[in-house]
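Here's a quick tour of a protein fold for anyone just starting out. Keep the picture open as you read, and find each piece as it comes up.

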Amino acid sequence: MSETSNQKPLPIVIGVVGLAVNDKGKVLLTQRHQPQDPLVHECWQLPGGGMEFGESPEQTLAREIQEELGVSVRILYPHPIAKTSIFATKVPFHVTLLCYLVSIDNQTPILNDPETAAWKWMTLDEAAKLHSLPLTMEFIQEATALSHA
């Protein structure tokens with residue numbers, strides 16, 4: 001795809017999310033609070049966020065989970081699952097998400113981020129019934145298959 005000199009390039013974002021699992025086989029999801037954007041408001045998602053300049057994916061993961069939930073993460077599988085998507089917001093953007101399988105051990109999340117409305121441990125079946133952001137269920141399914149391999 002070529003661009004003319006008058007067109008501004010569309011944004012490309014790298015995000016890092018953590019798929020936390022507990023000893024009961026449940027996954028931790030958060031609910032997005034972003035009323036100004038009805039496409040994502042109240043959608044369920046994996047906690048995480050955008051990589052900042054100079055960060056490694058692991059640093060982004062640790063920072064984002066701490067900011068959103070006030071907990072630290074322990075990476076269970078060192079290689080992230082990578083997926084890409086186009087998010088059709090007012091200004092569409094291309095996102096590449098790296099998803100790490102993590103544990104928060106016995107820590108209890110605390111909502112620290114105004115963009116996070118709630119958190120909940122869920123079974124795979126419960127998560128599948130929710131309105132979630134793109135790629136959320138794909139990550140959960142792939143990570144579940146990986147952890148049972």
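What follows is a short briefing on cores, strands and cysteines.

Keep in mind that this is a predicted model. Its largest nonpolar core has 20 residues, and a search of the whole structure turns up 0 disulfides. Let's take it topic by topic.

**The nonpolar cores**

- Inside the largest nonpolar core, the residues with the most contacts are L19, L29, L46, C99, F139 and I140.
- Several elements chip in at least two residues each to this core: strand 1 (12-20), strand 2 (27-32), strand 6 (81-87), strand 7 (93-103), strand 8 (116-122) and helix 3 (136-147).
- There's another core apart from that one, with 10 residues, and V16, A20, L28 and L61 are among them.
- Zoom in on F139: setting aside its neighbours within four places in sequence, F139 touches V17, L19, L46, I81, K83, L97 and C99.

**Strand 7 and its partners**

- Strand 7 is largely enclosed by the rest of the structure, because 8 of its 11 residues are buried.
- Strand 1 runs parallel to strand 7, and 9 bridges join them. To spot this pairing, look for G18, whose bridge partner in strand 7 is Y100.
- Strand 6 runs antiparallel to strand 7, with 7 bridges between the two. Here A82 has L98 as its bridge partner in strand 7.
- Strand 6 and strand 7 also make a hairpin, with 5 residues between them.
- Strand 5 (residues 74-75) is joined to strand 7 by 2 bridges and runs antiparallel. In this case R74 is matched with S103 as its bridge partner in strand 7.

**A three-strand sheet**

- An open sheet of 3 strands follows the order 3-2-8, and its pairing is antiparallel.
- Its edge strands are strand 3 (44-45) and strand 8, and each of these pairs on one side only.
- Strand 2 and strand 3 are held in an antiparallel pair over 2 bridges, and T30 sits opposite Q45 in strand 3.

**The cysteines**

- Why does C43 have no bond to C99, the closest cysteine? The two sulfurs are 17 Å apart, which is too far for a bond, since a disulfide needs sulfur atoms within 2.5 Å.
- Is C43 buried or exposed? C43 is buried, with a relative accessible area of 1%.
- C99 is buried as well, with a relative accessible area of 2%.

Technical notes
Residues are numbered from 1 along each chain as its sequence is written. This is a predicted model: local features need pLDDT of at least 70, side-chain atom pairs count only at pLDDT 80 or more; totals for chains, interfaces and linings use all residues. Side-chain values use heavy atoms; hydrogens and water are left out. A nonpolar core is a set of buried Ala, Val, Leu, Ile, Met, Phe, Trp, Tyr and Cys residues joined through side-chain atoms within 4.5 Å. Buried means under 20% relative accessible area, exposed over 50%, partly exposed in between (1.4 Å probe, protein chains only). Helices (H or I, at least four residues) and strands (E, at least two) are DSSP runs, numbered from the N terminus. Contact means heavy atoms within 4.5 Å. Two strands pair if DSSP finds at least two bridges between them.
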